[in-house]
Structures are given as C-alpha cells and as structure tokens.
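Good morning, everyone, and thank you for making time for this. Please look at the model for a moment before I begin, and then follow along with me as we go from one part to the next.

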Amino acid sequence: MSVEKYLKPSVINQIKRLDLRAQFVVKGFLHGLHASPFHGFSVEFSEHRKYSHGDDLKDIDWQVYAKTDKYYVKKFESETNITGYLVMDLSKSMGYTYEQELNKFDYAICLAAALAYLMVMQQDPVGLITFNDKIRQSLAPKSKRTQLGNLLSLLSKLEPSGTTDFQHSIGQLSAMLKTRSLVMIFSDFLVDEEQTLSALYRLRHGGHDVILFHVLDEAEVSFPFRGVFNMRDPETNEELKIDADGYRKEYTEQIEEFRESLARQCRKSGIDYVPLDTSMQFDRALLEYLLTRRARG
Amino acid sequence: MTWANLGILGLGGILLTVPIILHFLMRPKPKDIVFPAMRFLQQRSQSTSSRMRMRHVLLLLMRCLLIGLLALALAGPSVASGDFANWLILGGIGTSGILVGAILLLAFFRKNKNWILIGILGALLVGHLAWGGWAATKILTSETAQLLGDDQAPVAALIVVDTSPRMDYKQENKSRLEAAKEAGDWLISQFPGESQVCVLPTNNDRPFFSVDVAAAKRRLETLEVDFSGATIPATLLDGLEMLGKAQQERKEIYLITDLTRESWADENPRALIKQLEKDPSISLFVFDVGVEFATNFGLTQVNLSDAEISQNGTLAISAEIQRQGGAAQRTVKMSIEKPEPPRPVVRDNKSLFPETVFDGQDITKDIRENSSVPLKFTFSQPLPRGIYHGKIEIEGQDALAIDDQRYFTIRVGGVKRTLVVHPENVNPRLMEALLAPRAKVEAGTSKYENETMLQEKFVDSQALNEYDAIFLLDPEPMGDEGWRKLENYVQAGGGLGVFLGHNAADGPLADSSFQTQSAQRILTGSLEQPWFTEESDLFLSPHEYSHPIFDLIRDKETDVPWNRYPVFTHWGIEPDENSEELPTQTLLRFGNREPAVIERNIGAGRVIVMTTPVTEYGYVEDRQSWNTLTSGSMIPAYYLLRGAIPFLVQRDVASLNIRVGQSASFENDPRDYPEIYQVFSPEAKKPPSILNADKKLLYRFTDYPGHYRLKGVVNEQVLLRGFSANLDQATTDLTRIELDRLDQFLGAERYQLARQKNEIQRQQGKTRRGQEFYPLLLMMMMVVMAVEYLMSNRFYKS
C-alpha cells in the first residue's frame, strides 16, 4: 500500500528525480497488480533457466543461488519484443494546470518515464519523439538499460513551447517509423479533431499500434471556475470574456462530447484511447499499455 | 387609488435603481486566466452569452419586481371601488398564479424532479385558484360596486357628536367633548375636497350641511355640552333624513360618543334600524371617546320638606351622595343665597348674582365603593318673604363635575288659608290635622290657617276668595248655585279638593244634583253609580308617579303598602279627558282601572276629585264602610293627601324646582306681579332675556342647570321671582351601553366601532377606499422571491 501512493500525482510531485519518479510509479503499479486479476501477467517471470553467458547479471535470481548454489536467471512469460515510441506533445498548452500539482506536461512526462521504465524492464526497445508544430527531438528505440537513462535525461530537459501542428508532426512520425511499432502519443489534442484523426488514421494504416494518452488538466474537464473571467489561449493568445457559471454546463458537455467522439473514432480504427486528467492516478495509463502489450504478444 | 404612505413609493423608486446600478455599473472585473481549451468555449460563445444576458436581465427583473412590490406593499395602496379592487385582486392573483404555474410546469418536466418543490408549487397554485375563485365570486355578487367609485370623489358625511352632559367627563385633563371635537376635526380633514359635511350635535338642532369643510370645522369647534337630553338615535334619525337627500353617491355617518347607555335610552331601536336598512350603502362608524371604567361623585335629586315655608318655618333638605368607583371621602356643602339688591344685574356684559350666603352647613361622609350615602341638612333661620335660591355641592375635584351641584329654590311666604267643608255626618278631623296640626298652630310655625265649615253654611258663604284652597269632604247634594260658586272660585285661581262618598248617593244611584252640567264641570264627568265589591281585593293601583301629588311617594313607591288598604265602594265617573276648555287627566286608578283621583284645570285654578272618601275612619255606623284608607296607620292616604294639599294650596310651588328642559309656570296676577320680566339664566355670560307675562308666567328655555332669576318692576318696586332647574339624575349615569344593545340600534354588522384614529382610518379606508392590497402584494412578493431564488439557484448551480 505504501508503494501505491506513488501512483498519485500529488505524491509523485514530491520526488524531483525523474528516474526515481518512474521507478516508484512502476513499483507502485506492479505492487497493485499482484492483488489484482492481472496476476501472472506478462511482466511476471514464469520460470527459471540456467544462467548462460551474455545474460544480464541483474537477471540472476540470487535467492535461488543461495539455495542451490547455482546461477539461475528469471525467465519472463513473454519474450516478444515490441518497439515502443513515446510521442510527447511539446506545445505550450501542455504546460497548463489550474490548481493541480502537476501540469499536463509534467503528468505526461511522469507517465512516459514510467512507461519507459516498464518497457526497458521488459527489455522492449523504447524511443522518444517530441513535437509541437513539427518533430523537435527524437531518440531511437533501444532496449538497453542505458536507454532509460538517456530517455529520462531527455525528458527532464523538455519545456513546453510553441503551437501544435499535429497533422504535420504525426505525418513526419509516420514517415520516420520503418518497423511496426507501438506509438504512445501524449497530448491534450486541443487541435482540430479532423486533422488529428486523419493523422492518426495514417499512422494506423502504417501498421502501427497507437495508444492515445489524452492528457487534460483537471480544470479543463470539470471547469471549476465561478464568476467572470478573461480567458486567454496560451498558444494563440486569443481572449474571451465569459461568465463561467453560465458556460459550465455547455463546456462540460462539449469536452465530454469531444472525448467521446475521439474515443469512438479511435475505437473504429483500432486505436486505444486513454482519457486522462492530471488528477488521475498513473496506473490507468500503465494498465492500458500492458493490455495492448498483451494483445500484441 | 390612494396611498397610505406615498413617500415610500418614491423611496421604492430610488431603491429600484440599486439592482440596476449593480447590474450595469458595478459588474465584477474579470480575472485574467490562461485556458487552453478555449475553443470549446468559443464554439457556443455567442448563444451562451446571449442566454446568460437574458438570464441576468430576468434576474434583474425579478429583483426589481421584488423591490417594487415591497415598496408598493409598504406604500399601502388601496382603491375606492370594491368592484375595481376585486378586479385588481383577481389580476394580481392571476399574474402570480401564471408565474407559479409556469414554474410548476418547468419543475415537473425537469429530468431530476424535486417532488417537494413540486408539492409546494402545487399547493401555492391551489391557493391561488381558491383565492381567485373567491375574488371572482365577490365580483359576481358585488352589490356596492356602483356606489363607491373614485376615492377622491366627494362624500356626504354626517358627523353626529354626542353633546350630552356626560361628555363633560374629564380624563387626562380633557373632556370627552374635547376628545370628540378632536376626532371630528381629524375626520373632517380626511374628507375629499368638495365633500358635504353636517356636524350634528345631540341638542335637537335642525341638521344642515355646512357651506364648506372649514365651516363644518368651525361649527364643530363651537359645540358645547347640552342639557336638552336628545338621544343619539333620535338625532341620527333626523340626520339620516337629511343625508338621504344629499346628491353625493357616497354617504358616511360618524357617531362620536362616549357610548353611555343614557345616550340611547328610551328609544325604540326598530325605527332607526329600519331607516338604516333603507340605504345599506351608507357607511356607519362609531367612534368611542368614552371611558371604560369611569369614576364619579354625584348628588341625587334634592328633596325639600316643603318648597314653600313660612317665615319662621324649618326647611329640611335631603339628597344622597353617590360614588361610582373606589371608596372615598367627600364634604358636601349646603348654602342659601342672601338677597343682594339690586342683583341680579348686568355689568360688562356679564350677569352678576348675589354672592353672600346664609350660614351654610358642611357634611363630610365616607362613601364606600359604588354606593351612596344619604345627606340631610336643615335650615331654620327666620327669613323675610321672598324667593331664596340655594344649592348643595360636593367639594373637591371630580371627573364629571356637572352632577356635583344640585340647586333648589324655596318660597318664604305668609300663612295660607284653607277651608274644610263637610256635612254634619262627616268627621273632618283627618284633614284638619293634616292642614294645621295643633302643635304647630300653637308654636306659630303652621303653614296653613284652616277653617272648618258645615256644608249647609258653606252654601250661603260669600267670601270664598279669601281661601287659598277648599276641601269638600263627602259632600251632600247641593244645588247648581253651589257648584257654580265653586267653579267661579276655582276659575279665579283657587284650589278645590272634592272627596266623594256615600252622601252623594240617592239609593243605589247618584243623586241627580251631582249629575247636572254645573256639577259635571267640577266633578270632571257625570257621576254614575257606586261600584261595590264585598271582597277585600280592590286597591289603589298607581302606575305613574310624575304628578306633584305623588311627590312624597315617588321615591318610595315600592314601600307604600297599597294592597293593605282595600276599597269596597267608589263612585264611577267617566272623566271628559278630551275637553280643551277644561284640561282633565286621571292621576290614579283603582285595580279595576276605574278612576280614583282626577285632576281638572279650570281657569287659573285646579280641582282634584277623589271618587272614594277620606273620612271613613274604620268602623262606620248604620252602613258599610267605603274603604279602609283612613284606618290603621293609613299610609297611602297620608302620603296622597300630603301631596295633594300643597298642590291645591300653593298651586305654582311645583315650578320652583324643575328639571332641565321642563317649563316653569307661575301665576302672574297683573295687579300684584310685573308684566315684563328680565330672565337671568344660570350662565352668567348669557345676556338676560325679556319675558312677557300675562296672567300666567311661562318660561320654556331651561337649557342649563342652576338658578333662573326673574326680575321685574311692579308698582315702582323691583320684584324678584325665580326657580331652579336640575339635571335629571339619569343624565349623568356613566354606565356604558352593552354592544348587544348597540347592535339592536344599528344592526350587528352594520357599523364599525373604533376607539383610535388609526382604527377608524383603517376601517374608513376599508369602507371608503374599497380594498387594500397589502396581503396580495405580500403574497406576490413571496412568489417573486421564490422564483428569484429558484432562478438564481438554477442559473448559478455549481
């Protein structure tokens, strides 16, 4: 239970080092899984095999060695490798939060880091791509342990800026991916829905598995504002004066409809859609990844 | 439409601007925030902001409406016409009902039904429907609608002000009449312009509408306490007759009274209630200025042992002091004025009366709560001949001072001469003893000098005029000459008492000499036959005690044992009571309704005829006794004769002490008395009036209690006469009328009773102004408040 608390964004915010954040999130998540119907999932080892040269020393089960005086390594149930891409939306809107501990970007990074940790732990190659109006950084997927360090180091340096051109950026990404991959996109998708979907369809047509982590700020979902506000779009700098009370119902209906529409469209084209907001625990995202991973495996 | 507090309406108008200012000028400054998901706001921005504006305007409207309704309710609007008021109420209920119904529908068709709210709204709607139905019924059955109309339309108002002496009762240093004047003045200022106002005091004045409102106020201001004794019902009847002729459609009556029982006494309620029923549109208000628990000292009527005494005579004066309220001690003073020629005189437009008195007497008495104590004064100083005025007076303060004095007048004169005439077979000893008791004759204090004569001698007697009164006891038949002589004697001013008995009989019938025209003129009618009864069941049976012969009986009527003194035989006479020349009245009857004592006026004198004798002293030889009136202690006969003697001898002495409102009548032989008098009223400010007297002196205008002094000159000598007038004891009875009794006069639901100005204002408003809308406006406010609450809750749901 004590480890599970790290699934909460408010708790994880107290840990400044991203590697530790990822580690805690994953450990918390796995600890929770033991007691869940997902016990014996693909992340669990299924048997021991004798150590052979070249195996990672970290895989040696020292408890078995202590008992038998022989080297055994843990053998995982699924040995199939999936190439994963963590695709981060870098746009300025991702740096927004109203009253949460983590803004959308921090939440997405935390989640991405945890996923990277999990993938590397399963020896899946994982890469990182960031974009706003175009692809800004990319890190080729690798399954080595060092990849995790590189990936986290890059993630921790990211700053949200600029506007989003989702269609262009995902178009670029589609062109970049040569092998069938698992593309995990972290974005608020506050762009034109049609363009977003057409870009995603294109990616899906390329044979890739796509998981959309739709990260919104809690305020963007529940619209907790009371009174009159002069609202400004951080990307376009457009302004709108509203009486929040009168808009709440309309807005929440709109955002709900938007999320449902995205989910519907994604379901049609075999894309996994994970709606998130910054007040939610991280396990929802991790579980979604594992479900996809199993379907692929 | 009128407004109770018009100022509030202006204040309400100013307050109405508050929500508007708040809405338009004091809008909150928007907070600047970053919000990435703005495109979702922008998509519906146009429609949402217009809807929001609409909601704000609606809320603003509701809040303005709320303040408006509050101001309206506090301003106290009302309309004149009952019908118009009912239409307005119906309109208000309708509007409010539609609002409630609309919200009920909204609440009912909402996804999340709030059944409590629906229940409340449903109940409200049912209430509205019921109220609306009531208002509609009132409109359909309205009878007075056509009679009200515009509130500012002039009214015809009758203000009846009780000016009885009881209104002189002072409380908080203000008499009831002053309080009534204040109320009347206030009422008059409430009337719309062009109104016709009649101020009508209860003093028998003719009712009339004042020229204008100011004149009505002036008339009201001049009202004074009046002693004429007119009652409110009688005054109101007079006023109603005049009010009926007024042109104005709206008519109102205000009775300003202390609601004492006496103001309504001796009146038949039917006459008034019938008159009131004729025009049910007349609004009737009773303004009570009386005192619930009054306290008072008062003196009862004065009883004098004799109104005329001899120069050496003794006067006994008795009365009672009465107390209404808690026990107290009071001193009562008796005084008799000393004549002070040339007073009464007029100096500086004011009458001056004698101020010095003979040695008075004081009596101090403790009076228990709500009781009375008898008082008795005696006065025995020798006085010269003349008229003397005196009074008894309670000293110290009293709320109702008017009954603290009682006035009396006595005449001190020479000895009167009387003649008792009797046949030989009749013993005159009783009459002799009553007229001139031996002891008083010897002491020189007897009022009468009596002579007794046999009837046979009397017939030849010539000098009858030297006698003041003649008493004919059980006369024998006598010729017409005798009867004519007696008539002449009475005509000249003499007093004659005839006591018929067995001597008038001729066998079973009356002797024919008692049936002649001359005899009938004296005996008041034809003597028929004696009426016999063998049973002891016929008695004197008096019903009315107002005549002076009952002076001694009047106050002890229940103590006189009439039925212990049976009458067996009496003469039957049919008195001619319709004769204009010879006014006749039966003063006392037997139990069988046959006349017992009859009075007849002939010229300046008077005759008293008694149809049974007063000379049957118990046992009578040879025949059956006619009655037992003069046997035993003979109380009835004693009192009766003691009353009849002065009535016949002194004649006009009864007028020396009269009640206010009665006429005083005295003989006035021009040879001895003046033909012109100055009459000085007890009111010193009132100038003396001139009174012409012929053979009779008659003064009718006894408006005030007190001494009335008559001054004239005869044979170059100033001659003073006079009399006293007192208030009737009941006049100052402060007992309040029961509301049930009041209802009998005015009709239970016909009038509205008020004690305070605001009550009458409210009631007057209710009647004159038709209807007020305070409850309706409050109800509408509640509905608007509820709507505003629901709307703001719904619009700003978190």
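Let me begin with strand β10 of chain A, residues 272–277, where five of the six residues are buried, so this strand is largely enclosed by the rest of the structure. Buried here means that 20 or more other C-beta atoms, placed from the backbone, lie within 10 Å of a residue's own, and strands are DSSP runs of E with at least two residues, while helices are runs of H or I with at least four, both numbered from the N terminus.

I should say early that this is a predicted model, in which local features need pLDDT of at least 70 and side-chain atom pairs count only at pLDDT 80 or more, whereas totals for chains, interfaces and linings use all residues. Residues are numbered from 1 along each chain as its sequence is written, and chains are lettered from A and ligands numbered from 1 in the order in which they are written.

Which strand runs parallel to β10(A), joined to it by six bridges? That is β7 of chain A, residues 209–216, and within this pair Val215(A) stands opposite Leu276(A); strands count as paired if DSSP finds at least two bridges between them.

Now to the interior, where the largest nonpolar core has 80 residues, and Ala116(A) and Phe213(A) have the most contacts inside it. Such a core is a set of buried Ala, Val, Leu, Ile, Met, Phe, Trp, Tyr and Cys residues joined through C-beta atoms within 7 Å. Helix α4 of chain A, residues 104–121, gives the most to this core, with 15 residues. Leaving aside neighbours within four places in sequence, Phe213(A) is in contact (C-beta atoms, placed from the backbone, within 7 Å) with several residues, including Leu111(A), Val274(A) and Leu276(A).

Where the two chains meet, the contact takes 26 residues from chain A and 23 residues from chain B. On the chain B side, α2(B) provides the largest share, six residues. The chains also share a strand pairing, for β8 of chain A, residues 228–232, and β2(B) pair in the parallel sense over four bridges, with Phe229(A) opposite Lys31(B).

Finally, in chain B, an open sheet of five strands with mixed pairing has the order β32-β38-β37-β34-β35. Strands β32 (657–659) and β35 (689–692) of chain B stand at the edges, each with a single partner strand, so one side of each is left without a neighbour in the sheet. The partner β34(B), residues 676–680, runs antiparallel to β35(B) and is joined to it by four bridges, one place being Tyr677(B), whose bridge partner is Leu691(B).

Notes
Buried ≥ 20, exposed ≤ 12 C-beta atoms within 10 Å, placed from the backbone.
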